[in-house]
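Work through the exercises below with the model open beside you. Try each task before reading its solution.

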Amino acid sequence: MYAPDSGYGAHQSMVGFTVEAADGVIGHVDRQQDQPGLQHLVVDTGVWKFGRSVLIPAGSVTSIDTEAQKVEVALSREEIKSAPRFTTDSETADPGYLSEVGGYYLSLRT
């Protein structure tokens with residue numbers, strides 16, 4: 001879930017927003033999932049990572065600026081680059097994949 005102080009409003013679309021890691025821009029929001037318990041963003045990293053998309057859990061979002069159309073995450077570019085590979089939308093419904101991604105990002109907090 002999004003942190004209460006992140007600026008997220010229920011069913012707020014962030015598609016197209018720039019995503020900024022702790023050490024620079026990583027791409028833009030391509031898709032988002034707002035289903036409770038499965039909230040995440042699919043971020044297109046464009047040329048930064050050769051067109052690779054990454055899945056970022058909503059809990060990693062620290063700030064949403066709707067005027068500037070920017071989402072900030074509490075991760076570094078390297079941490080995002082090292083995340084489990086996202087290849088198809090079907091993975092967003094795969095409990096095993098979601099558990100792997102969630103475990104990866106959770107391990108960064110400890």
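**Exercise 1. Strand 1 and its faces**

Which residues of strand 1 lie on its covered face, and which on its uncovered one?

Solution. The model is predicted, so the steps rest on computed values.

Step 1. Recall the rule. In a regular strand the side chains alternate between the two faces of the sheet.

Step 2. Sort the residues. Val19 and Ala21 make up the covered face of strand 1. Thr18 and Glu20 make up the uncovered face.

Step 3. Look at the partners. Strand 1 pairs with strand 2 in the antiparallel sense, over four bridges. Thr18 faces His28 of strand 2. Two residues form the hairpin connection between strand 1 and strand 2.

Step 4. Turn to strand 6. Strand 1 and strand 6 run parallel and are joined by three bridges. Here Glu20 stands opposite Glu72.

**Exercise 2. The sheet order**

Find in what order the six strands form the sheet, and which strands stand at the edges.

Solution.

Step 1. Write down the order. The sheet is open and reads 4-3-2-1-6-5. Its pairing is mixed.

Step 2. Find the edges. Strand 4 and strand 5 each have a single partner strand, so one side of each lacks a neighbour in the sheet.

Step 3. Add the twist. On average, neighbouring strands are turned by 35 degrees against each other, direction ignored.

Step 4. Check one edge. Strand 4 pairs with strand 3 in the antiparallel sense through five bridges. Val54 in strand 4 stands opposite Val43.

**Exercise 3. The nonpolar core**

State how many residues the largest nonpolar core has, and which element gives the most to it.

Solution.

Step 1. Start from the general expectation. In soluble globular proteins, nonpolar side chains tend to be buried together.

Step 2. Count. The largest nonpolar core holds 28 residues. Those with the most contacts inside it are Tyr2, Met14, Leu41, Ile56, Val71, Val73 and Ile80.

Step 3. Trace the sources. At least two residues each come from strand 1 (18-21), strand 2 (24-33), strand 3 (40-44), strand 4 (53-57), strand 5 (61-65), strand 6 (70-73) and helix 2 (95-109).

Step 4. Pick the top contributor. Helix 2 gives the most, with five residues.

**Exercise 4. Aromatic pairs**

How many aromatic pairs does a search of the whole structure find? Describe the geometry of Phe86 with Tyr97 and of Tyr104 with Tyr105.

Solution.

Step 1. Choose the descriptors. A pair of aromatic rings is described by the distance of the centres and the angle of the planes.

Step 2. Take the count. The search finds three aromatic pairs.

Step 3. Describe one of them. Phe86 and Tyr97 lie 6.5 Å apart, centre to centre, with 50 degrees between the planes. This pair is tilted. Phe86 sits in the loop between helix 1 (77-81) and helix 2, while Tyr97 belongs to helix 2. The two are eleven residues apart, and the pair links distant parts of the chain.

Step 4. Judge burial. The cut-off for buried is under 20% relative accessible area. Phe86 has 6%, so Phe86 is buried. Tyr97 also counts as buried, because its relative accessibility is 6%.

Step 5. Move to the tyrosine pair. Tyr104 and Tyr105 are edge-to-face, at 5.2 Å centre to centre and 75 degrees between the planes. Tyr104 is buried at 18%. Tyr105 is buried at 4%.

**Exercise 5. Ser63**

Is Ser63 buried or exposed, or partly exposed? What does Ser63 touch beyond four places in sequence?

Solution.

Step 1. Locate the residue. Ser63 is in strand 5.

Step 2. Apply the cut-offs. Partly exposed lies between buried, under 20%, and exposed, over 50%. Ser63 has 25% relative accessibility, so Ser63 is partly exposed.

Step 3. List the contacts. Ser63 touches Ser6, Lys70, Val71 and Glu72.

Step 4. Place a distance. From Ser63 to Asp30 the C-alpha separation is 17 Å, across 33 residues of sequence.

**Exercise 6. The whole chain**

Why does the chain count as being as compact as a globular protein of its length?

Solution.

Step 1. List the elements. The chain has two helices and six strands. From the N terminus they run β-β-β-β-β-β-α-α.

Step 2. Compare the radii. The radius of gyration is 13 Å, close to the 13 Å that the globule rule gives for 110 residues, so the chain is as compact as a globular protein of that length.

Step 3. Add burial. Buried residues make up 40% of the 110 residues.

Terms used: Residues numbered from 1 in each chain as written. Predicted model: local features only at pLDDT ≥ 70, side-chain atom pairs only at ≥ 80, totals over all residues. Heavy atoms only, no water. Core = buried A, V, L, I, M, F, W, Y, C linked by side-chain atoms within 4.5 Å. Buried < 20%, exposed > 50% of the residue type's maximum accessible area, 1.4 Å probe, protein only. Contact = heavy atoms within 4.5 Å. Pairing = 2+ DSSP bridges. Axes fitted to C-alpha atoms, helices over the stretch in contact; angles between N-to-C directions. Phe/Tyr/Trp six-rings, centres within 6.5 Å; stacked < 30°, edge-to-face > 60°. Rg over C-alpha atoms; globule rule 2.2 N^0.38 Å.
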